[in-house]
Amino acid sequence: MKYFTFLTLGIFFLLTSCSKTDYSQLAVPGISQELAKHRAATYSNLTYDLYFDIPLEQNAPIPASLQLTFERSETTAPLILDFRTDSVQIMGVYIDSQTVSYEIVNDHLLIADHYFKTGPNSCRIEFVAGEQSLNRNEEYLYTLLVPDRASTVFPCFDQPDLKAKFGLKLSIPETWNAVCNGAEESRETKNGKQHIGYARSRPISTYLFAFAAGQLKHSRAERDGREMNMYYRESDAEKVARNEAAIFDLHASALAWLEAYTGIPYPFDKFDFAMFPTFQYGGMEHPGSIFYREQSLMLDEGATQNQYLGRASLIAHETAHMWFGDLVTMEWFNDVWLKEVFANFMAAKIVNPGFPEINHDLRFLMAHQPTAYGEDRTAGTHGIQQYLDNRKNAGTVYGRIIYQKAPVVMKQLEAIMSEETFRDGLREYLQTYAYDNAVWDDLVSILDARSPLDLVNWSEVWVKEPGMPHFKTERVSDGELLISQQKASPSGKYWQENTSLALFKGDQVNLVPLQLFEANTSVKVPAGSENPDWVLVNGAEKSYGYFEMDDPSLAFVMAQAPAIQDPVLRGALHMTLYEEMLEQRVAPDALMEWYLDRLPRESDPLLIQQLLGYVSNIFWRFTDETERMEQAPAIEDLLWTALQQRSKLSDKVAFYRSFRSMALSPDGVEKIYQIWRGNLNIKDLPVSESDRIAMASELALRDYPDAGSLLEEQLESIKNPDRKKQFAFVMPSLSDDPAVRDRFFESLKVVANRSNEPWVLQGLDNLHHPLRAATSEKYILPALELLEEIQQTGDIFFPKRWVEASFSGHRSPEAATIVRNFLEERPDYSYRLKNKILQAADELFRASDMSITQ
C-alpha cells in the first residue's frame with residue numbers, strides 16, 4: 001500500500017483531537033478517502049463469518065449475523081463500520097458474549113475504541129439484512145454489491161483495499177438451491193429448511209462477496225479436471241441442451257488460456273456460475289460464483305454470429321477478472337478501469353482461437369472504437385482514470401471510456417512494447433500484488449522499466465486526461481501528406497499513436513505503418529502511390545480518434561463507393577464516414593444511400609451488422625418523419641430480398657431483425673403480423689419465443705389494429721414464466737392509450753417499481769420509441785429530475801442507461817432544449833451525472849442541430 005506521510009499525520013492529529021463521542025469528521029456520508037486510508041492503516045487480517053436465514057416469502061425480513069475478526073493497530077478512534085440501512089435493523093452488538101453500546105452516524109456503525117485492544121479482536125453483530133442489493137424476486141434472490149453496496153446488506157469495511165476471507169452459512173427453503181464464493185462444506189435439512197455451510201474464501205474485497213439462492217436449476221460438468229457448476233432459471237429444456245456444453249467449454253477454454261498467459265494457476269478454490277433473467281448487466285466477476293444475465297448465455301436458435309461472439313467475449317471477460325480485479329484489486333475506485341481494461345483486453349485475445357473464421361482485428365475494431373467514440377466525442381468526456389473523493393460516487397465512474405477506450409489504449413501500449421514484453425510485465429504485476437491491491441502507477445513503473453517510451457508521459461495523456469485526438473490530413477504535394485493534430489490534451493501535450501496509413505490508387509492499396517507522436521507528422525508517399533485517389537489514416541484496428549478526411553478523399557469515396565478487399569479497412573471507412581456525418585461533412589441522406597448501396601454486396605457478418613446498425617440509426621435519429629415514410633418501402637424491399645437470398649443463418653437473422661425494427665409501410669407491417677401469426681414462414685429462419693415477443697411489441701408501437709388484444713394473446717402464449725412476468729411489466733408502455741403510458745411512467749417514480757432494471761429500460765425504450773416521440777417528450781424533464789435518485793438507488797450502469805432510454809427516440813429541437821435548460825438551470829449539478837447526461841444527449845443535440853440547419 002502507498003500512503004502519503006502528510007495524510008497519515010493529518011489523520012492522526014484529526015483522531016486525537018476528536019472528542020470521545022464526536023467522530024463526524026470521519027463518519028461522513030459515504031466513505032471518504034480520509035476514512036478509507038485510516039482504516040486501511042489500522043485494520044488487517046480480516047474475516048467475515050456471515051449467516052443469513054432466508055425465508056420463502058419475498059417480503060419477509062432476513063435475520064442475519066456477522067462474526068467479524070481482525071487485527072488492530074494502536075488508535076484512539078472507534079471501530080467505524082459501514083451499514084447503509086435503517087438503524088433499527090441492528091439487533092445487537094456483542095464482544096465476548098457481552099452486549100456493548102454503539103452509535104449510528106451517517107450510515108456508519110461506531111463502536112468505541114475502549115472495547116478493543118491492539119492486536120487480534122472479534123465482535124459479533126446481529127442484524128436484519130438490508131434489502132437494497134439483495135435483488136429479491138418471488139422465487140430467487142442474488143446479491144450484487146459492486147461498487148459500494150456490500151454495506152447495504154451487512155456491516156463491513158466497504159472499501160476494496162481491506163480484503164478479507166468470507167465464510168457463509170445459509171438457511172434456505174427446502175426446495176431451493178444456493179451458490180456463493182466458497183465451497184460447500186456441510187448441508188443439513190430440518191424443519192423445512194436447508195442449512196448450508198460454506199468454506200471461507202480466499203482474501204477478496206467486499207464488492208466481490210456474493211451469494212444467490214432460489215428455485216434454480218443445476219448442471220454439473222468437468223473440464224480439464226476441474227468441476228464446474230451452473231445454476232440457471234431457463235425453463236426451455238431444448239434451449240438449455242443447445243447451449244449447456246458450449247457454456248462450460250467457453251469457461252474452460254478461457255481458464256486454460258489465462259493460466260498459460262499469466263503463468264498463475266486459477267487463484268481461487270472453486271469455479272461456479274449462475275444466471276438470472278433480471279440480472280442488471282452482462283456479468284459480475286465474483287470469484288467462485290460468477291453471475292450473468294441469462295439471456296446473454298442462453299442463446300436462441302436463431303442467434304447471430306455477433307451474439308455468439310458476444311457470449312464468448314462476456315465469459316472470457318468475467319473469467320479474466322479472476323486474475324485482473326479479483327486476485328489483484330484496485331486500491332480505490334478511481335482505478336476501477338484497471339480491472340475492466342484487462343478483462344476486455346484479454347477477452348479479445350481469448351475468443352480468437354474459438355472463432356477461426358472471424359477476422360479478429362476487425363472484431364476488435366467493431367467492439368471498441370465506435371462505442372468509445374459515443375462518449376469520448378461528447379462534451380461529457382472524461383479521462384480513463386478519474387478522481388474520486390468518496391466511495392458513495394463510485395458507481396458514476398463506470399462507462400464506455402473505461403470499457404471500450406481503455407482496451408484500445410492497452411493495444412497501443414502492447415504495440416509499443418511488443419506482445420511478449422508486455423505479457424512479462426503483466427506477469428510481474430500479478431505476482432507482486434497477488435491477493436493484494438495496486439494502483440495504475442504501480443503497473444506503469446513495472447512496464448516503464450521494460451519500455452523504450454516514457455510511459456509516465458504517455459500515460460498522462462492517454463489515461464489521466466479527457467478527450468481524444470483529432471487528426472487532419474492535408475495533401476502538401478503529390479508525394480507528401482501532412483497529418484496534424486488539431487488540438488492538444490488539456491495539459492498541452494499531444495497523443496502518441498501507432499496506426500496504419502492506407503493509400504488507395506485504382507484497385508491498389510498501400511498500407512504504411514505510421515507513428516503519430518507530434519503535433520504535425522510529414523509523410524513521404526511511397527513510390528507508386530503518389531497522388532492517391534483517397535487516403536485513410538486510421539487503417540489499423542488500434543487506431544483511435546477523429547480522423548478527418550481530406551476533401552479530395554471524402555469526395556472520391558462518396559462518389560465512387562470504392563471496392564475494398566481488406567475487411568478492417570472497410571470497417572474503418574464505414575466508421576469514419578459516420579463520424580464525418582456527425583461533424584456535418586456528409587449529409588445523413590447521402591450516407592444512408594451510400595450504406596444501403598454497400599449492404600447487398602457485403603459478405604462479412606460483422607460488417608453486415610455494422611452497416612445495418614448505421615442505417616437504423618440514421619433512419620430513426622437523423623431522418624424526419626416524412627422522409628422516413630418515403631424511404632421505408634425501398635429499405636424494406638432491400639432487407640426483405642437480402643434475408644430471402646442469404647444462406648448463412650446469422651446473416652438471415654440480422655437482415656430479418658433490421659426489417660422488423662424498420663418496417664413502416666402497410667405491406668412491411670403486415671408481413672411482421674403474418675410472421676407473428678404463423679401464416680408466413682421464411683425458409684430456414686427459426687422464430688423463437690423472444691422473436692414473437694419482439695414482433696408483438698413492434699406491431700403495438702405501429703398501432704396495428706386491435707393491438708391491445710394482440711398483446712394479451714402474446715402474453716398468454718409465453719411459456720417461460722420469467723419472460724411472461726417481464727412482458728406483463730412492460731405491456732402498459734406499449735399501450736395505444738396515452739393515459740396508460742402516463743401511468744406506467746408515473747409508476748417508475750416509485751423505487752420498488754424500478755427493482756428489475758432491464759424491464760424498466762425496455763419500458764422506457766417503448767415509451768420513447770421514435771414513433772411516439774411527440775407524446776413522450778413530456779417525460780424527459782421528470783426523468784432528468786429523477787436522475788440523482790436513480791444514481792443512489794440503482795446499480796452502476798442504470799443512471800446512464802436511464803437517460804439514454806429517455807432520449808433514445810428524440811431528435812427535435814424542443815427535446816434538446818429541455819435537456820440543455822435542465823443543465824443550465826442547475827450550475828451546481830453533480831459533475832459526473834452532468835457528464836452522463838451530456839454523453840447520452842450527444843446525438844440528440846447533433847440531430848436537433850442538423851434539423852434546424854436543413
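The following exchange takes up a buried aspartate, a covered helix, a cavity and a pocket in a predicted model.

User: Why is aspartate 842 called buried?

Analyst: The relative accessible area of aspartate 842 is 9%, and buried means under 20%, so aspartate 842 is classed as buried. This residue lies in helix α29, which covers residues 831-853.

User: Which residues does aspartate 842 touch, when those up to four places away in sequence are not counted?

Analyst: Aspartate 842 touches Arg377 and Thr378, where a contact requires heavy atoms within 4.5 Å.

User: What makes the pairing of the side chains of aspartate 842 and arginine 846 a polar contact?

Analyst: The distance given for the two side chains is 2.8 Å, and the cut-off for a pair of N or O atoms, one able to donate a hydrogen and the other to accept it, is within 3.5 Å, so the pair is counted as a polar contact. As for arginine 832, this residue is 10 residues from aspartate 842 in sequence and 15 Å from it in space, C-alpha to C-alpha.

User: What makes helix α27 mostly covered?

Analyst: Of the 10 residues in α27, which spans residues 798-807, 8 are buried. Among them are Phe798, Trp802, Val803 and Phe807, and the buried set also includes Lys800 and Ser806. Each is called buried because its relative accessible area falls under 20%.

User: How many cavities of 30 Å³ or more does the structure hold, and what volume has the largest?

Analyst: There are 8 cavities of 30 Å³ or more, and the largest has a volume of about 70 Å³. Its lining consists of Glu234, Lys239, Pro277, Glu294, Gln295, Met298, Asn720, Asp722 and Arg723, with α4 (294-297) and α21 (721-730) as the elements that give two or more residues.

User: How do the residues lining the largest cavity divide by class?

Analyst: The lining has 2 nonpolar, 2 polar and 5 charged residues. Glu234 and Lys239 belong to this lining, and they are counted as charged because Glu and Lys are in that class.

User: Which residues are closest to the centre of the second largest pocket, and which elements supply at least two residues of its lining?

Analyst: This pocket has a volume of about 790 Å³, and of its 31 lining residues the closest to the centre are Asn135, Arg136, Ala752, Ser755 and Asn756. At least two lining residues each come from β9 (140-142), α21, α23 (757-767) and α26 (787-793), and α21 gives the largest share, 3 residues. By class, the lining of the second largest pocket divides into 8 nonpolar, 13 polar and 10 charged residues.

How values were computed: Residues are numbered from 1 along each chain as its sequence is written. This is a predicted model: local features need pLDDT of at least 70, side-chain atom pairs count only at pLDDT 80 or more; totals for chains, interfaces and linings use all residues. Side-chain values use heavy atoms; hydrogens and water are left out. Buried means under 20% relative accessible area, exposed over 50%, partly exposed in between (1.4 Å probe, protein chains only). Helices (H or I, at least four residues) and strands (E, at least two) are DSSP runs, numbered from the N terminus. On a 1 Å grid over the protein atoms alone, a cavity is a set of points where a 1.4 Å probe fits but cannot get out, and a pocket is an open set with protein on both sides within 12 Å along at least five of seven lines; lining residues have an atom within 4 Å of a point. Grid points are joined across faces, edges and corners, and a volume is the space filled by probe spheres set on the points.
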